[in-house]
Structures are given as C-alpha cells and as structure tokens.
Amino acid sequence: MRSLAVINQKGGVGKTTTAVNLAAALAADGCRVGVVDLDPQAHASLHLGADPKRPLPTTYDLLTADATIDQLWRPAGERLWVAPAHIDLAAAEVELAGVVGRELILRDKLAANTLPLDYVLLDCPPSLGVLTLNALSTVDDVFLPLQPHFLALHGLSKLMQTVELVAERLNPRLAMAGVVLCLYETGTRLATEITSDVESYFDHLRSSGGRAWRNVRLFDTRIRRNIRLAEAPSYGQSILDYDPSSRGAQDYRQLAAEVAAYYAGRQLSEAA
C-alpha cells in the first residue's frame with residue numbers, strides 16, 4: 001500500500017481538490033483508494049459526499065479517542081473510501097499538546113487498517129501543526145500542489161525543512177515525491193517563469209544529496225484552471241463523476257496515470 005500526504009501550508013492552491021480527484025482517478029483506473037481527511041474544515045469529506053455529522057466517528061475520534069480506522073471508512077464511490085473529518089478536529093491540536101508521542105498516533109492507527117487498499121491519500125490542513133506532523137510521520141511520500149504564483153512559493157523552504165526534520169527524526173521512509181502545478185493558466189508568462197523557478201529549486205534540492213529529495217520531481221501534468229472543478233464539491237462529487245468530459249477530469253486522469261507510472265518505476269528500481 002502506497003501512502004501519500006497531500007500538503008501545502010498555504011490555502012487555496014488546490015490541495016483538497018488534488019487529494020480528492022487524484023484519489024477518484026486512481027480508483028477509476030482500478031486501484032482501491034482511501035482518503036483520510038485531516039483538515040478540520042472537512043472539505044475532502046464534503047467533496048466526496050460524506051457529511052461528517054456527530055456522533056459517527058471521524059478523524060477527531062481517531063486521534064483523540066479509541067476509534068479505529070476501520071470504523072471510519074465510508075464508501076465514496078467504486079473502489080473509493082473516505083475517513084471523514086469534523087470541525088471538532090480543530091481542538092485536537094490543543095488536546096494532544098501534552099500527549100507523549102502525539103506525532104505518531106496516526107501512524108499506529110493506520111497500521112491497524114484491515115481494508116485492502118492500493119493507495120491511501122491524506123488531505124492535510126493548511127498548517128504545519130500536530131495534524132500535519134502526524135501525516136508526515138505516517139506516509140511514504142509527500143505530494144505538493146502548488147499554484148504558479150509568486151506568493152505560493154513563499155514559505156516553501158519552511159515546508160521543505162519540516163519534511164527533512166520529520167524524515168530525520170520520526171519517519172526515515174518519508175520522501176518528497178513531487179509537485180503538481182494547479183490552477184494553471186496555459187500560455188501566461190507568469191506560469192512559465194514560476195514553473196522554471198520550481199524546477200530550479202528542486203534541482204538544487206536533489207543536488208544537495210538529501211535522501212528525502214532523491215526522487216522529487218515536477219509532474220508533467222498541469223491542472224488547468226477550470227470552473228467545473230470549483231463546482232463539483234457543492235454536489236458532493238469528484239470531477240470524474242460531476243463532469244467526466246471536462247478539462248479538470250482529463251487533467252486528473254492524466255495525473256493519475258503519471259503517478260501510477262512513477263510508482264511502477266520506483267518499484268522496479270527498489271527491486272533491482
């Protein structure tokens with residue numbers, strides 16, 4: 001099972017959109033996929049049609065009580081499940097402040113999962129707090145959705161520092177897998193310049209020799225700005241269900257194919 005954390009500490013860059021629609025596209029390709037919603041806003045849950053109402057268990061109960069991940073899974077489509085969040089999750093940062101090993105709770109809970117899955121995608125909050133640290137301590141890889149805008153690059157080095165520290169101290173498996181450019185406006189000078197800057201930045205990281213950066217890449221797929229992607233969450237559907245012929249659906253299908261090829265290549269290199 002491949003586990004991915006979809007992370008960006010800046011909001012509004014396509015993080016949840018990417019987590020949900022990449023998961024749906026992988027499921028459409030025949031994979032069994034689970035989405036774990038770690039954002040108190042619960043947007044991934046709503047996007048997949050899971051209205052996170054109490055007293056049904058949510059990721060808040062997973063992190064602060066005795067709920068198991070198997071109790072959280074709810075069907076969200078063919079070969080697709082979601083472990084929903086709730087606004088109560090916002091209190092977890094405070095409630096876990098004095099708990100020893102609080103960064104590893106999710107890792108231990110997810111290790112007890114019995115649902116056979118090919119991929120688990122964790123949709124993280126737009127912050128670098130306890131919830132995000134739990135995600136980074138659990139997964140194999142980090143996916144970074146990034147808007148090709150100057151302000152979206154601000155703070156990127158802080159995120160990279162956090163990934164490196166977690167890889168060194170808590171999760172030696174953790175690696176930065178790649179960057180997905182979202183809200184992309186084809187043909188604009190700004191998008192071209194930011195794309196070049198991102199490529200240069202990660203070229204520099206790879207040359208630094210850090211294990212966490214060894215396989216980092218800028219995915220070829222660009223998630224183009226598309227109004228249908230913005231409409232889909234209000235219907236509780238992924239873009240593949242809401243409008244399968246839209247540019248957004250096409251882009252996420254292409255990204256899913258690229259991600260699958262990426263992992264197939266990794267598997268071959270690991271076996272060699």
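Is Arg 217 buried, partly exposed or exposed? With a relative accessible area of 26%, Arg 217 comes out as partly exposed. Keep in mind that you're looking at a predicted model. We'll come back to this arginine once the sheet around it is in view.

Start with that sheet. Eight strands make up an open sheet, and walking across it takes you through the order 3-4-2-5-1-6-7-8, with mixed pairing. Strand 3 (74–77) and strand 8 (217–224) sit at the edges with a single partner strand each, so one side of each has no neighbour in the sheet. From one strand to the next, the twist averages 25 degrees.

Take a look at the strand 3 edge. Strand 3 and strand 4 (residues 80–83) run antiparallel, joined by three bridges. If you want a landmark there, find Arg 74, which stands opposite Val 82 in strand 4.

Now over to strand 8, where Arg 217 lives. Arg 217 forms a salt bridge with Glu 258, and their closest N and O atoms are 2.8 Å apart. Because Arg 217 lies in strand 8 and Glu 258 in helix 13 (residues 247–271), the pair ties together parts that are 41 residues apart in sequence. Glu 258, at 12% relative accessibility, counts as buried.

Strand 8 and helix 13 are linked by another pair as well. Arg 224 makes a salt bridge with Asp 251, again with the closest N and O atoms 2.8 Å apart. Arg 224 belongs to strand 8 and Asp 251 to helix 13, 27 residues apart. Arg 224 is partly exposed at 22%, while Asp 251 counts as buried at just 3% relative accessibility.

Step just past strand 8 and you'll meet Arg 225, whose side chain meets that of Glu 185 in a salt bridge (2.9 Å, N to O). Here the link runs between two loops: Arg 225 is in the one between strand 8 and helix 11 (227–231), and Glu 185 is in the one between strand 7 (175–184) and helix 10 (189–207), 40 residues apart. Both ends are partly exposed, Arg 225 at 39% and Glu 185 at 38%.

These pairs are among the eleven salt bridges in the structure. Elsewhere, Lys 15, Asp 39 and Asp 123 are joined into one network by salt bridges that share partners.

Finally, there's helix 7 (residues 130–138). Eight of its nine residues are buried, so the helix is largely enclosed by the rest of the structure. Among the buried ones are Val 130, Leu 131 and Leu 136, along with Asn 134 and Ser 137.

Conventions:
Residues numbered from 1 in each chain as written. Predicted model: local features only at pLDDT ≥ 70, side-chain atom pairs only at ≥ 80, totals over all residues. Heavy atoms only, no water. Pairing = 2+ DSSP bridges. Helix = DSSP H or I, 4+ residues; strand = E, 2+ residues; numbered from the N terminus. Axes fitted to C-alpha atoms, helices over the stretch in contact; angles between N-to-C directions. Buried < 20%, exposed > 50% of the residue type's maximum accessible area, 1.4 Å probe, protein only. Salt bridge = Lys/Arg side-chain N within 4 Å of Asp/Glu carboxyl O.
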